[in-house]
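Please look over the sequence and the structure below before reading on. The briefing that follows takes up the ligand site and then the cysteines.

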Amino acid sequence: MINSHIVVLGYMGCGKTTVSSKLETILNLPSIDLDQFIENKLNMSISQIFDTKGQIEFRKIENRFLEILLNKKTKSIISLGGGTPCYHNNMDLVLKYSKNVFFIKTSTEVLSSRLYKEKSKRPIIKSISSVSELKKFISKHLFERMIFYNQAHHVIDDNDNGIDSVCRKIVNKLIL
Ligand code: S3P
């Protein structure tokens, strides 16, 4: 029914995984989270990979598994890690294999309050000690990453209208 993968990207905490699993039900297509795929294959959490192998090695692993997922014949909904589009040739690969690439754009305010509560699971931000520091960090980091995120075919503004509204917007824009 669909002949190109659907790819969901955006900053940590923007709801990529939740949106993808909701789309899985709506569209009756499998959804795969790249971070979870890596964790299952290596039998290690993302934090453990960062701690034991370092970020450079993680980015190599991420690139390798992204290519594997994109090469699968069965079309699926793939949610990327927040940094995936910004390393190696990942964004070129995504655009080569998918006509349906969606960037979920969420404000720094919403991201920082969501992420502060669960920062210990996220190696990139776990050592940031206050919400205001986190907000400063995210605003700079997001600015640097925007050049990659904006290459998505569609930017879906999540103006706090919730997951259902994000999913509806994606479904309306799909190229089958
Ligand atoms: C990262 C985001 C994480 C995970 C890793 C690095 C990043 O994914 O891939 O911790 O660089 O933004 P989520 O966006 O799914 O949390």
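On a 1 Å grid over the protein atoms alone, a pocket is an open set of points with protein on both sides within 12 Å along at least five of seven lines, and a molecule sits in a pocket if more than half of its atoms lie within 2 Å of its grid points. By that reckoning, the space taken by the ligand is the largest pocket. The model is predicted, so that local features need pLDDT of at least 70 and side-chain atom pairs count only at pLDDT 80 or more, while totals for chains, interfaces and linings use all residues. Residues are numbered from 1 along each chain as its sequence is written, and side-chain values use heavy atoms, with hydrogens and water left out.

**Ligand surroundings**
- The ligand is surrounded by 13 residues (a heavy atom within 4 Å), and the closest are Lys16, Asp35, Arg59, Arg122 and Arg145.
- This shell divides into five nonpolar, three polar (Gly among them) and five charged residues (Asp, Glu, Lys and Arg).

**Ligand contacts**
- Ligand oxygen atoms lie 2.4 Å from a side-chain N or O atom of Arg122, 2.7 Å from one of Arg59, and 2.8 Å from a polar backbone atom of Gly82.
- Of the 390 Å² of accessible area that the ligand has on its own (Shrake-Rupley method, 1.4 Å probe), the protein covers 94%.

**Cysteines**
- The count of disulfides (cysteine sulfur atoms within 2.5 Å) is zero.
- The sulfur of Cys14 has its closest cysteine sulfur in Cys167, 12 Å away, which is too far for a bond.
- Cys14 counts as buried (under 20% relative accessible area, 1.4 Å probe, protein chains only) at 3% relative accessibility, and Cys167 counts as buried at 1%.

Terms used:
A polar contact is a pair of N or O atoms within 3.5 Å; within protein, one must be able to donate a hydrogen and the other to accept it, and residues adjacent in sequence count only if both atoms are side-chain atoms. On a 1 Å grid over the protein atoms alone, a cavity is a set of points where a 1.4 Å probe fits but cannot get out, and a pocket is an open set with protein on both sides within 12 Å along at least five of seven lines; lining residues have an atom within 4 Å of a point. Buried means under 20% relative accessible area, exposed over 50%, partly exposed in between (1.4 Å probe, protein chains only).
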